[in-house]
Amino acid sequence: MKTKAICSFFVLFAIVAGIGATTPAAFADHTEVAIETADNDLAAPGCVETEVGCYTPNTTTIEVGGVVTMTNADEAGIHTFTSGTVDGFAATADGTFDSGILQFGDSFEYTADTAGEFDYYCMLHVWMQGVLIVEEEHMEEETMMEEEETMMEEEETMMEEEETMMEEEETMMEEETMMEEEVMEEETMMEEDAELMVTITDSAVEGGTQVNLEFSTIHVNYEIIAMQNGEEILKEAAHAMEMTGASHMINAVGSDESPIDIEIVSLGIGPPGANQDWTGPTGMVAEKQVVPEFGTIAMMILAVAIISIVAVTAKSRVVPRF
Ligand SMILES: [Cu+2]
């Protein structure tokens with residue numbers, strides 16, 4: 001009998017030692033716990049009221065997934081760890097766990113797979129009562145809460161980003177609208193401009209100045225006024241049948257001292273003579289000051305060309321000698 005007790009004690013020690021050895025200290029509290037029958041007079045009712053209690057510890061907490069090792073450490077008796085409640089002397093097992101009868105030194109392992117608060121008792125001594133509290137794993141809970149927080153933060157960030165994007169989109173749309181409006185304004189202006197654009201070019205021709213006009217549209221009725229030294233040297237009303245339609249001769253040459261100022265005034269767009277049907281803007285379209293730079297060079301080139309032809313002709317003339 002003594003041998004058996006010693007053996008049992010060794011088994012118990014081995015189990016406890018094994019638990020201690022295999023369990024990291026940080027997780028020892030809740031992933032694996034040990035409950036023993038208390039060192040008390042368990043054979044008599046009322047042990048639960050004593051400071052020592054009936055089970056040690058009397059209330060045990062473990063996390064879900066943890067293993068509870070229930071050991072009968074009472075040399076004097078056999079006991080059980082049976083989940084359920086006791087009303088007076090009537091015990092009701094709830095079936096969560098039941099060690100069955102444990103001899104001294106015997107152990108029963110229960111894996112706490114369900115969260116909750118479980119009363120348990122000894123079937124042989126119903127006054128022996130304890131509580132096993134199985135909590136949701138803190139780590140998991142914390143991790144989940146952290147994950148939830150992270151997700152909420154991410155959601156917030158996403159919402160903020162979405163808001164920012166929407167704001168940016170709105171801004172872009174506003175900008176686009178503004179740009180479109182600007183383009184439309186520009187187009188309108190261009191349309192108005194396009195109705196009456198005139199390009200004025202001039203060239204010195206035969207002691208005078210030829211003014212060429214190129215309109216942006218056909219059928220422009222206009223007046224051309226040329227002024228030099230405060231005198232009106234040309235004033236003509238004309239009609240541009242084609243866009244590239246008109247040239248006017250001025251019997252004067254512009255110079256730095258006496259430039260010619262040319263002014264084109266629109267009288268309206270429409271068939272010549274039908275003044276009442278003319279449309280489009282009227283008034284000044286363009287003005288240009290004619291200075292003789294290009295004209296002078298052209299005249300010089302013309303003069304050089306004429307001289308060259310004469311010279312070549314003279315040289316190449318073959319005079320037969322007899
Ligand atoms: Cu018992």
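Two strands are taken as paired if DSSP finds at least two bridges between them. On this basis, an open sheet of four strands is found in the order S2-S1-S4-S7, with mixed pairing. The model is predicted. At the edges of this sheet stand S2 and strand S7 (107–111), each of which pairs on one side only. Strand S1 (residues 32–37) and strand S4 (residues 67–71) run parallel and are joined by five bridges. Within the sheet, alanine 34 stands opposite threonine 69 in S4.

The edge strand S2 comprises residues 55–56 and includes threonine 56. Threonine 56 has 17 C-beta neighbours inside 10 Å; because a residue is buried at 20 or more and exposed at 12 or fewer, threonine 56 counts as partly exposed. Not counting residues up to four places away in sequence, threonine 56 touches Ile35, Glu36 and Ala38. The C-alpha atoms of threonine 56 and alanine 34 are 8.5 Å apart, while the two residues are 22 apart in sequence.

The protein chain as a whole contains four helices and 16 strands. Of its 322 residues, 22% are buried. Among contacts in the protein chain with a separation of 6 or more, 61% are between residues 24 or more positions apart.

The largest nonpolar core has 22 residues, and those with the most contacts inside it are Ile35, Cys54, Val68 and Met128. Two or more residues of this core are contributed by each of S1, S4, strand S8 (116–121) and strand S9 (129–135). For valine 68, the contacts beyond four places in sequence are Val33, Ile35, Thr60, Ile62, Tyr110, Ala112 and Leu132. Another core, of 16 residues, lies apart from the largest one; Val211, Ile224, Ile250 and Ile262 are among its members.

A further open sheet is formed by three strands in the order S10-S11-S14, with antiparallel pairing. Its edge strands, pairing on one side only, are strand S10 (198–205) and strand S14 (246–250). From one strand to the next, the twist averages 20°. Eight bridges connect S10 with strand S11 (residues 208–215) in the antiparallel sense. In this pairing, valine 198 stands opposite phenylalanine 215 in S11.

Strand S12 (residues 220–228) takes part in two of the pairings described here. With strand S13 (residues 231–240), S12 runs antiparallel and is joined by nine bridges. Isoleucine 224 has glutamate 236 in S13 as its bridge partner. The hairpin of S12 and S13 has two residues between the strands, and asparagine 229 in this hairpin takes a positive phi near 55°. Nine bridges also join S12 to S15, again in the antiparallel sense. In that pairing, glutamine 228 has isoleucine 260 in S15 as its bridge partner.

The loop between S14 and strand S15 (260–269) contains alanine 252. Alanine 252 has 18 other C-beta atoms within 10 Å; this count lies between the limits of 12 or fewer for exposed and 20 or more for buried, so alanine 252 is partly exposed. Leaving aside neighbours within four places in sequence, alanine 252 is in contact with Gly208, Thr209, Gln228, Ile233 and Ile260. Two of these contacts, Gln228 and Ile260, are the bridge partners noted for S12 and S15. The C-alpha atoms of alanine 252 and valine 205 are separated by 9.8 Å, with the two residues 47 apart along the chain.

A hairpin is also formed by strand S5 (residues 82–87) and strand S6 (residues 90–98), which run antiparallel with five bridges between them. Valine 86 has alanine 91 in S6 as its bridge partner. Two residues lie between the strands of this hairpin, and glycine 88 takes a positive phi near 70°.

Technical notes: Residues numbered from 1 in each chain as written. Predicted model: local features only at pLDDT ≥ 70, side-chain atom pairs only at ≥ 80, totals over all residues. Axes fitted to C-alpha atoms, helices over the stretch in contact; angles between N-to-C directions. Contact = placed C-beta atoms within 7 Å. Core = buried A, V, L, I, M, F, W, Y, C linked by C-beta atoms within 7 Å.
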